[in-house]
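Subject: The structure, and what turned up in it

Hi,

Here is the model I promised to pass on. Have a look at it first, and then read on for my notes.

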Amino acid sequence: MGLFDTLLGRTKPVRANLDALFSLPSAAITLQVTAGLLPTGRAGVCFKPPAGQPFAEVQAELEQLLATPDEPAPGAPAPGAPAPSPDAASPDAASPDATSGGSPSPGVPAPSAPSAPGAPARPTVRHVGDKFGYRWIIVEATAVDDLVTRVHMVHSSLQDAGWSTQLLCSVFGFAPGPAQGADAPADSGAPEASGAEADTITRPLYIVYLAKQGTFYPFAPTGAEQRDNELELRLKGMLADDLPIEPDLSRWFPMWDLPIA
C-alpha cells in the first residue's frame, strides 16, 4: 500500500484464499456420510460486471476454457475405471470424467464423493443473469473435484482481470442421494455412520463460498424466501472440521432464486 493510500484511509482489496475451495471435496464426503447428501454437479459463481468495462471477450474466453473437458494422462485409465486388460471394452464405454484435483501420487486418483442422480455427464458452462443485476457463471461437471477446479479457475481469471471486488460468492448444490440399503456398495471408500450418528437430510441445500472472506456457510432454503436456520447451524457443526466456516452469521446472506436450483 502506498503512502497516499495510507494517508487517505484507502485500502487495497485483500485477495481471498482461493485454496480454501479445495477443501470442498472433503466436505462433500462428510455430507455424504453424515447427512446422505451428494453433490448435484452444479455450481455458480456470482459477480457484478464492472460498469463501462468490456466483459464479453473475457466471458467468451473463460467459458471456452471451462468447457474444455480434462483429459487423462496418455495410457492412464480415468479415475474409478478398472485397469485395462487385453479384452478391455471399446473406448466408447461409459466411464467417469477425469478429475482435476491433486492425487497422492502419479496415476493414483484422489477419492471423490459420487454425484447425485441427474448430475451432468461432462463439464458444461452457462452464463445467466438475475433480477438483482448480478451475473452467474454456471459450471456443471460430474466429479466434485472437477467442479471445484473450474470454479477456482473462474475466480482466478476474474481476479487477474482486476475484478476481484466484483466477485460476490460461489454456490455449490447438494441433494439427497439414493437410499442406502442392500443395493448400496459394500465399500464406498468412506467410513460408515451408525444409525445414531447419521443425520439424514431429505431436501436440497447449498454450500456458499464468500469470495471476499474466503469462508463458507450452509444455506438451506425451505420455500419462497424461507430458510431453515436450525438446519444451517447443524450443518455448521458437521462441516467445522472440513471448511473454514464464516463466523459472522450476519454474512450468511439468503440466496433466493438460485440459478443452480
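In what order do the elements of the chain run from the N terminus on? The answer is α-α-β-α-β-β-α-β-β-β-β-β-α, made up of 5 helices and 8 strands. Please keep in mind that this is a predicted model. The chain has 261 residues, and 39% of them count as buried. If we take contacts between residues at least 6 apart in sequence, 76% of these join residues at least 24 apart.

Let me begin with the core. The largest nonpolar core holds 54 residues, and Val171, Phe172 and Met255 are the ones that touch the most other members. Several elements supply at least two residues each to this core. Among them are the helices H2 (24–35), H4 (144–160) and H5 (229–239). Strands contribute as well, namely S1 (37–47), S3 (135–140), S4 (167–176), S5 (205–210) and S6 (215–219). For a closer view, try Val171: leaving out neighbours within four places in sequence, its contacts include Arg42, Ala43, Gly44 and Trp136. Tyr206, Ile207 and Val208 also touch Val171, as do Met255, Leu258 and Ile260.

Next, the helix packing, with H2 as the shared partner. H2 and H4 pack at an angle of about 140°, their axes 9 Å apart, and the crossing is right-handed. H2 brings Leu24, Pro25 and Ala28 to this contact, while H4 brings Val144, Asp145 and Val148. By class, that gives 5 nonpolar residues, 1 charged and no polar.

H2 also meets H5, where the axes come within 10 Å and cross at roughly 120°. This crossing, too, is right-handed. On the H2 side the contact uses Ala27, Thr30, Leu31, Thr34 and Ala35, and on the H5 side Leu235, Met238 and Leu239. These residues divide into 6 nonpolar and 2 polar, with no charged ones.

One residue in H4 that you may want to look at is His155. Is His155 buried or exposed? His155 is buried, with a relative accessible area of 0%. Apart from residues up to four places away in sequence, His155 touches Leu18, Leu21, Val45, Leu167, Ser170, Tyr209 and Ala211.

Now for the cysteines. How many disulfides does a search of the whole structure find? It finds 0. Why is there no bond between Cys46 and Cys169? The closest cysteine sulfur to that of Cys46 is the one in Cys169, but it is 4.8 Å away, so it is too far for a bond. The pairing reads alike from the other end, since Cys46 holds the closest cysteine sulfur to that of Cys169. Both residues are out of reach of the probe to a high degree by the numbers: Cys46 is buried at a relative accessible area of 2%, and Cys169 is buried at 1%.

Last, a residue that comes back to Cys46 from elsewhere in the chain. Tyr134 lies in the loop between strand S2 (124–129) and S3. Tyr134 is partly exposed, with a relative accessible area of 24%. Tyr134 and Cys46 are 88 residues apart in sequence, yet their C-alpha atoms are 6.6 Å apart in space.

Best wishes, and happy browsing!

Notes. Residues are numbered from 1 along each chain as its sequence is written. This is a predicted model: local features need pLDDT of at least 70, side-chain atom pairs count only at pLDDT 80 or more; totals for chains, interfaces and linings use all residues. Side-chain values use heavy atoms; hydrogens and water are left out. A nonpolar core is a set of buried Ala, Val, Leu, Ile, Met, Phe, Trp, Tyr and Cys residues joined through side-chain atoms within 4.5 Å. Buried means under 20% relative accessible area, exposed over 50%, partly exposed in between (1.4 Å probe, protein chains only). Helices (H or I, at least four residues) and strands (E, at least two) are DSSP runs, numbered from the N terminus. Contact means heavy atoms within 4.5 Å. Axes are lines fitted to C-alpha atoms, for helices over the stretch in contact, and angles run from 0 to 180 degrees between N-to-C directions. A crossing is left-handed if the near helix is turned anticlockwise from the far one by less than a right angle, and right-handed if clockwise. Ala, Val, Leu, Ile, Met, Phe, Trp, Tyr, Cys and Pro count as nonpolar, Asp, Glu, Lys and Arg as charged, and the others, Gly among them, as polar. A disulfide is a pair of cysteine sulfur atoms within 2.5 Å.
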